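Q: I would like to go through this model and ask, for each label attached to a residue or strand, what value stands behind the label.

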Amino acid sequence: MVKPRYSRLPTRKSSSLTMVLTMLVMFTFVILTLLALGFLSIPNSSGGNLPKANDLSSIVRTTVGRSEEDEGKREQWVELLSWEPRSFIYHNFLTKEECEYLVTMAKPHMQKSTVVDSETGKSKDSRVRTSYGTFLARGRDKVIRKIEKRIADFTFLPVEHGEGLQVLHYEVGQKYEPHYDYFLDEFSTRNGGQRIATILMYLTDVEEGGETVFPAAKGNFSSVPWWNELSECGKGGLSVKPKMGDALLFWSMKPDATLDTSSLHGGCPLIKGNKWSATKWIRVNEYKV
Ligand SMILES: *[C@@H]1O[C@H](CO)[C@@H](O)[C@H](O)[C@H]1NC(C)=O
């Protein structure tokens, strides 16, 4: 055993007792300092109740962000929606003014929405998608560039990987049947590769119906706090009720880069109100405009 150097000095009994006490006090002080600085933590009795991956009742407010600019902006926070699909709701992602701006810009150019033909990769008219829409080109003006920068910050995916912003309008009865955002044809992935994630921004509040529904989501989707407000269609899966300014981010690819079949999603028929949304699809690689 290695003896401390000072023990070689002549000592009295009382001084060794003082030393032990001093060391105890110092040890206590060090532990308290570490606790205060957060390097150590006392195990929490609730540690055994950590939320399970698919426990959707564990939805909690996780981060609160302060708005970086304009005063009077509503509170922003990110909510985990589910892990399969990986999806998040960013509350008050857009300001009311930004929502109105996108609607105003898109309105004069609305056309019957099409879907991508999985055989040819070309756009085609379809009964599965009955909304009207238009594209606002990437980086087309200051407001849109600001929104696109915010999307990149939120998703950690570069602005250059994004397609144009697609603004959609649904009238009562209009819907979009469940589908995947990823492509199954060669043609569509030539520019930018596969679609990795989608961010869907709600530009209006919707009274009834019009939910975004994930019918293949894993977990007990009736445990979402807004379950009782959902339409029949909305209750067919994990659903998000459109709220002006909110953004829904979900991933079409899993972390291992395989396609995530739980990302199947649709727009429920609108029952009451007016639904406008803006969608940004993000690719694995740079998407050339
Ligand atoms: C799902 O969640 C709801 C609401 O929290 C609960 O009443 C129901 O028992 C749960 N179902 C299952 C199968 O866990």
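Q: What makes Ala257 count as exposed in this predicted model?
A: Ala257 has 9 C-beta neighbours inside 10 Å, and because a residue is exposed if 12 or fewer other C-beta atoms lie within that distance, Ala257 counts as exposed. Ala257 lies in the loop between β14 (247-251) and β15 (265-267), and its phi is near 70°, a positive value in a residue other than glycine.

Q: Why is Phe156 called exposed?
A: The count for Phe156 is 7 other C-beta atoms within 10 Å, and the limit for an exposed residue is 12 or fewer, so Phe156 is exposed. Phe156 is found in the loop between α3 (142-155) and β8 (162-170), where it has a positive phi of about 65° although it is not a glycine.

Q: Why is Pro178 described as partly exposed?
A: Pro178 has 18 other C-beta atoms within 10 Å; since 20 or more would make a residue buried and 12 or fewer would make it exposed, Pro178 falls in between and is partly exposed.

Q: What does Pro178 touch beyond residues up to four places away in sequence?
A: Pro178, which lies in strand β9 (residues 176-179), touches Pro215, Leu264, His265 and Gly266. In addition, the C-alpha atoms of Pro178 and Gly267 are 7.1 Å apart in space, although the two residues are 89 residues apart in sequence.

Q: What makes β9 an edge strand?
A: The open sheet has 4 strands in the order β9-β15-β12-β13, with antiparallel pairing, and β9 and β13 (238-240) are its edge strands, since each pairs on one side only. Neighbouring strands of this sheet are turned by 15° against each other on average, direction ignored.

Q: How do you know that β12 and β13 pair?
A: Strand β12 (residues 212-214) is joined to β13 by 3 bridges, and because at least two bridges are needed for two strands to pair, the requirement is met; the two strands run antiparallel, and Thr212 stands opposite Val240 in β13.

Q: What supports the pairing of β2 with β3?
A: Strand β2 (residues 76-82) and strand β3 (residues 87-91) share 5 bridges in the antiparallel sense, against a requirement of at least two. Ser82 has Ser87 in β3 as its bridge partner, and a hairpin of 4 residues joins β2 to β3. Pro85 lies in the loop between these strands, and a cis peptide bond with omega of about 5° joins Glu84 and Pro85.

Q: Which residues have the most contacts inside the largest nonpolar core, and which element gives the most to it?
A: The largest nonpolar core has 34 residues, and Met201 and Ala247 have the most contacts inside it. The elements that give two or more residues to this core include β3, α3, β8 and β14, while β10 gives the most, with 6 residues. Leaving aside neighbours within four places in sequence, Met201 is in contact with Phe93, Leu94, Ala247, Ser277 and Ala278. Apart from this core lies another, of 8 residues, among them Phe214, Val224, Leu238 and Cys268.

Q: How much of the protein chain is buried?
A: Buried residues make up 30% of the 289 residues in the protein chain, which has 3 helices and 17 strands.

Conventions. Residues are numbered from 1 along each chain as its sequence is written. This is a predicted model: local features need pLDDT of at least 70, side-chain atom pairs count only at pLDDT 80 or more; totals for chains, interfaces and linings use all residues. Two residues are in contact if their C-beta atoms, placed from the backbone, lie within 7 Å. Axes are lines fitted to C-alpha atoms, for helices over the stretch in contact, and angles run from 0 to 180 degrees between N-to-C directions. A nonpolar core is a set of buried Ala, Val, Leu, Ile, Met, Phe, Trp, Tyr and Cys residues joined through C-beta atoms within 7 Å.
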